[in-house]
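Open your viewer, switch to a cartoon view, and keep the selection box handy. We'll go stop by stop, picking out one thing at a time.

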Amino acid sequence: MTLIFYSVESICPPASPLFHPFLPFGFHQFNQVWMKDFSGLLRIRSEGHHSRCAICVRHRLIIRRVGRGPARRQQILLFKRHLCRQYRDRQVYWGHRCKSRDDAVTGAPATFISCIIDSMDQQKHSCPRSEAMASKEFNSWNRPRLQSTTLIVHGHCVITGLSPPNTPGGGSRTMELIAYAMTKPLKYVQWSNVFLCLEADNCSKELKHQTSLRMMASMIAQCQLRGCEYNYLQSGHSHEDVDAFFPLYRLISNDIANYGTLNLSKHVLKACSKIGV
C-alpha cells in the first residue's frame, strides 16, 4: 500500500491541482499505477471477459435508456439493492474463508473448513494439444473437450478434476470430487469434529441438488461429520478465488507443448514443480 501511495504521488504530485490528501483516487488512477509498477505481477484487464450478471445487465440497460423521472429512480434503487445483496453474500463467504484459513494454521486439529467449487470453460481443455492444431488442415476438426471442475479447500489444498466429454457432468460428479478431497488429500482431518461450509454458485450442476443433501445428511446422521452449511452465491458475483486460479492453470497448460488425455496429469505436475506451485 505504501508503494501504491508513492506511485500515486509521482503521477499526481502535491503541487498538482489534481492532488488532494483526503480524496480517494478512482479505478482509472489505480489501474494506471498498477500497470506502471506492478504489470509484471498481475495484469488487470480494462474490461472483464467473463459473463456478466443478468440482473446487472438488465438494470444498466434500462437505466441507460429511460429518461429522468420516477422510473429511472426506481431502477437505480433496485440496482443498488441488488448490489448490496450480492455484497452481503460475499461478505459471508469472506468470513468463512478467513476462519478456515486461520483454523488451518493454528496447528490444532481442524474444526471448521470452508470450500468453494466451480467449473471452468471446456474450451481451455481441448485435446490433443499441440502446435500442429494451428494448421489450416485441422481448422474444421472438433477436438474433444475435457470437463474441468476446481475445488478450493481454504487453508488446505486445491483440487482440479478433469473428466472425458462422454462422462456425465452432473451433481454426482461434483460430490465425487468432494468425497475424493475428504478421503485422499485431507485424510489427516478428523471429520467427525469438523463443521463443513460449502460455497457454489446458484445452479443445480454444482451443489444445488438432492445428491449433495443426501450425502451430507447421511454423514451427519452417522456422526462422520459434525455439521454442514450450504451457501449459494449470486451467479455473476462469485468465485473470485476460483477465477483467479483459472489463469494460473491456463499459464501452466500453455507451457505444455503436447499432451493427450492419458498423460495430462503427469505434464501438469511437472509444470507446477517448475514454477514452485
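Let's start with a single side chain: is H82 buried or exposed? Select H82 and switch on the surface. This is a predicted model, and in it H82 has a relative accessibility of 7%, so the residue counts as buried. Now show what is around H82: leaving out residues up to four places away in sequence, H82 touches C53, I55, C56, Q234 and H237.

**Stop two: helix 4**

Zoom out a little. H82 sits in helix 4, which runs over residues 70-104. Try your distance tool on the two end C-alpha atoms of helix 4: they are 51 Å apart, which agrees with the 51 Å that 35 residues should span at 1.5 Å a residue. Next, colour the buried residues of helix 4, which are Q75, F79, H82, Q86, Y93, H96, R97, S100 and D103. While you look at their numbering, here's a handy rule: an α-helix has 3.6 residues a turn, so residues three or four places apart point the same way.

**Stop three: the whole chain**

Now show everything as cartoon. How many helices and strands are there in the protein chain? You should find 8 helices and 5 strands. Trace the chain along the sequence and the order reads α-α-α-α-β-β-β-α-β-α-β-α-α. Of the 277 residues in the chain, 35% are buried. Take the contacts between residues at least 6 apart in sequence: 64% of those join residues at least 24 apart.

**Stop four: helix 5**

Select residues 171-183, which make up helix 5. Helix 5 has 13 residues, and from first C-alpha to last it reaches 18 Å, close to the 18 Å expected. Its buried residues are G171, R173, T174, M175, L177, I178, A181 and M182. What covers these buried residues? Strand 1 (112-120), strand 2, strand 3 (157-163), strand 4 (195-201) and helix 6 (210-221) are among the elements that do. Give each of those elements its own colour and see how they sit around helix 5.

**Stop five: a cavity**

Keep helix 5 on screen and look for enclosed space. The count comes to 1 cavity of 30 Å³ or more, and about 40 Å³ of space lies in the largest cavity. To outline the largest cavity, select C115, L151, V153, I178, A181, M182, L186, W191 and L196. Two elements give two or more residues to this lining: strand 2 (147-153) and helix 5. Helix 5 gives the most, with 3 residues. Colour the lining by class and you get 9 nonpolar residues, no polar ones and no charged ones.

**Stop six: cysteines**

One of the lining residues is C115, so stay with it: at 7% relative accessibility, C115 counts as buried. How many disulfides does the structure hold? The answer is 0. Why doesn't C115 form one? The closest cysteine sulfur, in C157, is 7.7 Å from the sulfur of C115, which is too far for a bond.

**Last stop: C223**

Finally, jump to C223, in the loop between helix 6 and strand 5 (227-233). C223 is exposed, with a relative accessible area of 59%. Check its backbone too: C223 has a positive phi of about 60°, although it is not a glycine. For context, most residues other than glycine have a negative phi.

Methods: Residues are numbered from 1 along each chain as its sequence is written. This is a predicted model: local features need pLDDT of at least 70, side-chain atom pairs count only at pLDDT 80 or more; totals for chains, interfaces and linings use all residues. Side-chain values use heavy atoms; hydrogens and water are left out. On a 1 Å grid over the protein atoms alone, a cavity is a set of points where a 1.4 Å probe fits but cannot get out, and a pocket is an open set with protein on both sides within 12 Å along at least five of seven lines; lining residues have an atom within 4 Å of a point. Grid points are joined across faces, edges and corners, and a volume is the space filled by probe spheres set on the points. Helices (H or I, at least four residues) and strands (E, at least two) are DSSP runs, numbered from the N terminus. Ala, Val, Leu, Ile, Met, Phe, Trp, Tyr, Cys and Pro count as nonpolar, Asp, Glu, Lys and Arg as charged, and the others, Gly among them, as polar. A disulfide is a pair of cysteine sulfur atoms within 2.5 Å. Buried means under 20% relative accessible area, exposed over 50%, partly exposed in between (1.4 Å probe, protein chains only). The expected span of a helix is 1.5 Å times one less than its number of residues. Contact means heavy atoms within 4.5 Å.
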